[in-house]
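Trainee: I am new to this structure and would love a close look at one part of it. Could you take me through a helix and what surrounds it, step by step?

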Amino acid sequence: MPYELLKNNIKKNISVSDAELNSICSPFRASDVKKGDFLLTQGSACTFEGFVTEGCFKIFTLDKKGNENILYFAVKDWWLIDTDSFMNRTPSDLNMQALEDSTVLMIDKSSKEKLYHEFPIVEKLFRIMSQKAITAWQRRLIRNHSLTAKERYLHFVSTYPNITSKLTDRQIASYLGITHEFLSKIKRKAIAKE
């Protein structure tokens with residue numbers, strides 16, 4: 001079943017035969033991750049690219065004071081990677097932690113490179129996915145600079161209702177770049193207007 005989700009994700013981006021699809025998915029290995037466990041910690045190298053088939057992860061950095069700064073969340077049918085660390089084999093600045101029991105299909109760099117050589121369409125797949133990721137980051141940066149905290153919150157909960165239900169207010173506040181207290185104030189005002 002987890003491989004069917006990966007196959008469907010791939011087919012959203014490129015056209016491939018069933019035989020090619022099976023070959024493309026075969027190097028991915030399933031890994032179960034318990035709630036609270038880390039797939040990646042700051043300072044270690046990211047040796048995988050992952051596709052979430054169950055569960056939810058937060059991807060974050062820790063500042064010098066120990067505060068979490070959440071960059072994104074990855075849920076079922078989303079990809080996980082620290083591109084810089086994975087591509088350049090450098091220590092990661094990111095942490096990837098499971099917020100619930102999760103399953104990830106993972107591929108290492110040499111297996112991915114082998115796929116590139118055996119199936120040139122795979123380069124197109126990851127180019128398309130990279131472009132989509134860059135677009136999402138750009139849109140988020142624009143929202144962070146042009147919308148109020150309340151507007152960012154309302155956008156987040158309306159765009160990602162399946163993620164919002166899995167998160168604490170502290171995690172949402174960290175993602176939005178505001179304090180937990182300020183998020184509580186935004187939510188109280190929103191409820192009072194209803």
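Mentor: Here is a walk from the whole chain to helix 4, and then outward to its surroundings.

Please keep in mind that this is a predicted model. The protein has nine helices and eight strands. Its radius of gyration is 18 Å, close to the 16 Å that the globule rule gives for 194 residues, so the protein is as compact as a globular protein of that length. Along the principal axes, the C-alpha trace spans about 55 × 35 × 30 Å. Of the 194 residues, 42% are buried. The accessible surface comes to about 11000 Å², and carbon and sulfur atoms account for 53% of that. Among contacts between residues at least 6 apart in sequence, 69% join residues at least 24 apart.

Now to the helix itself. Which residues of helix 4 are buried? They are K109, K112, L115 and Y116. These residues cover an arc of only 120° around the axis, which puts them on the same side of helix 4. The other side of the helix carries S110, K114 and H117, which are exposed. A general point helps here: an α-helix has 3.6 residues a turn, so residues three or four places apart point the same way.

What do the buried residues of helix 4 pack against? Their partners are helix 2, strand 3 (48-54), helix 3, strand 8 and helix 5.

Let us pick out Y116, which sits in helix 4. Its relative accessible area is 17%; the cut-off for buried is under 20%, so Y116 counts as buried. Setting aside neighbours within four places in sequence, Y116 is in contact with V122, E123 and F126. Y116 can also be compared with a residue of helix 2: I24 lies 92 residues away along the chain, yet the C-alpha atoms of the two are separated by 9.5 Å.

That brings us to helix 2, which covers residues 18-25 and has L21, I24 and C25 buried. Seen down the axis of helix 2, these buried residues fall within an arc of 90°, so they line one face of the helix. What covers them includes helix 1 (2-11), helix 4 (109-118) and helix 5 (121-146). On the side of helix 1, you can look at K7, which is found in that helix. K7 has 15% relative accessibility and so counts as buried. Not counting residues up to four places away in sequence, K7 touches L21, N22 and C25. Two of these, L21 and C25, are among the buried residues of helix 2.

The next step is the nonpolar core. In soluble globular proteins, nonpolar side chains tend to be buried together. Here the largest nonpolar core has 21 residues, and those with the most contacts inside it are L6, I10, I24, W79, V122 and F126. Helix 1, helix 2, strand 8 (102-108), helix 4 and helix 5 each supply at least two residues of this core. The largest share, five residues, comes from helix 5. I24 is the residue whose C-alpha atom we compared with that of Y116, while V122 and F126 are contacts of Y116. Another core residue, W79, is in contact with L6, N9, F28, E49, G50, F51, Y72, A74, F126 and M129, leaving aside its neighbours within four places in sequence. F126 is therefore one to find on screen, as a contact of W79 and of Y116.

Helix 3 was also in the list of packing partners for helix 4. S85 has its place in helix 3, which covers residues 83-88. With a relative accessible area of 1%, S85 is buried. Not counting residues up to four places away in sequence, S85 touches S44, A45, C46, T90, P91 and S92.

Finally, take a look at strand 7 (residues 95-98) for contrast with the helices. N95 and Q97 point one way from this strand, M96 and A98 point the other way, and all are buried. Strand 7 runs antiparallel to strand 2 (residues 38-40), and two bridges join them; here L40 stands opposite M96. Strand 7 also runs antiparallel to strand 4 (residues 56-62), with four bridges; in this pair F60 stands opposite N95.

Terms used:
Residues numbered from 1 in each chain as written. Predicted model: local features only at pLDDT ≥ 70, side-chain atom pairs only at ≥ 80, totals over all residues. Heavy atoms only, no water. Buried < 20%, exposed > 50% of the residue type's maximum accessible area, 1.4 Å probe, protein only. Arc of directions from axis to C-beta. Contact = heavy atoms within 4.5 Å. Pairing = 2+ DSSP bridges. Core = buried A, V, L, I, M, F, W, Y, C linked by side-chain atoms within 4.5 Å. Rg over C-alpha atoms; globule rule 2.2 N^0.38 Å. Areas by Shrake-Rupley, 256 points an atom, 1.4 Å probe, with all protein chains shown as cover.
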